[in-house]
Amino acid sequence: MRDDRGILEALLADGRFLLSLTGFVLVLSGGFAILQSLTGYFLPQDVHALGFDAQHLAAAANLRVVHFMFHDRVAFGGTLLAIGFAYWFLAEFALRDGQAWAWWVFCISGVCGFASFLSYLSYGYLDNWHGVATLLLLPVYLAGLWRARPVNWIGAMRGAPDSHSVGDDRGWDSWPPG
């Protein structure tokens, strides 16, 4: 059997590549956040929002405040690393095996993750770097989620017996796995 798909069609076929790419970008972003914190410097938007760089904030307020800010950024970076690796694992193993629950994990975690970004706006603080990264990553994630959706996913939510992921002969009753 000959496969006549182009490279783009092959990469985008079932959405797993796009979801893996989302995970990879999250891992890179988390690594950047951790490495940036190790430098001892704030990001430009932090300096703008605070009116101080790290050294001036330490002198004006307390060095512990600066350490807390770096700790917070490292915790954020670690969270992004964990989510990114989890996304990669889910895309490359669970979705490839047709596990419908994995698609729901992507769906629910994506809604929570991308929606949590909006909390910046509720505090009157918009981090331009996070904003641009989110705007660039969101369409990739949504396209991957859409392309990876289970066959007849609306019917599956209603309990239709013939709805299942591509390659999954167990249908939506495969949770818990095993």
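So, Asp14: with 35% relative accessibility, this residue counts as partly exposed. Keep in mind as I go that this is a predicted model. What does Asp14 pair with? Its partner is Arg16, in a salt bridge whose closest N and O atoms sit 2.8 Å apart. Arg16, for its part, is buried, at a relative accessible area of 17%. The cut-off for buried is under 20%, so Arg16 falls on the buried side of it at 17%, while Asp14 at 35% lands in the partly exposed class.

Now stay on Arg16, please. The Arg16 side chain also meets that of Glu92 in a salt bridge, and there the N to O distance is 3.7 Å. This pair connects distant parts of the chain: Arg16 belongs to helix H2, residues 16-39, and Glu92 to helix H5, residues 63-95, with the two positions 76 residues apart in numbering. And how accessible is Glu92? It comes out as partly exposed, with a relative accessible area of 21%.

Okay, next pair. Over on Arg73 and Asp46, the side chains form a salt bridge as well, at 2.9 Å from N to O. Arg73 is in helix H5 and Asp46 is in helix H3, residues 44-50, so this bridge ties together parts that are 27 residues apart in sequence. Are these two buried or exposed? Arg73 counts as buried at 16% relative accessibility, and Asp46 is buried too, with a relative accessible area of 5%.

Putting partners together, Asp14, Arg16 and Glu92 are joined into one network by salt bridges that share partners. How many salt bridges does the whole structure have? The search gives 3.

Let me zoom out to the fold for a minute. There are 9 helices in the chain and 0 strands. Read from the N terminus, the order of elements is just α-α-α-α-α-α-α-α-α. On burial, the chain has 178 residues, and 32% of them are buried; Arg16, Arg73 and Asp46 are among those.

What about contacts along the chain? If you take the contacts with a separation of 6 or more, 62% of them are between residues 24 or more positions apart. As for the outside, the accessible surface of the chain is about 11,200 Å², and carbon and sulfur atoms account for 69% of that.

If you want one thing to look at on the screen, go to Arg16: there you have the salt bridge to Asp14 and the one to Glu92 over in helix H5.

Terms used
Residues numbered from 1 in each chain as written. Predicted model: local features only at pLDDT ≥ 70, side-chain atom pairs only at ≥ 80, totals over all residues. Heavy atoms only, no water. Salt bridge = Lys/Arg side-chain N within 4 Å of Asp/Glu carboxyl O. Buried < 20%, exposed > 50% of the residue type's maximum accessible area, 1.4 Å probe, protein only. Helix = DSSP H or I, 4+ residues; strand = E, 2+ residues; numbered from the N terminus. Contact = heavy atoms within 4.5 Å. Areas by Shrake-Rupley, 256 points an atom, 1.4 Å probe, with all protein chains shown as cover.
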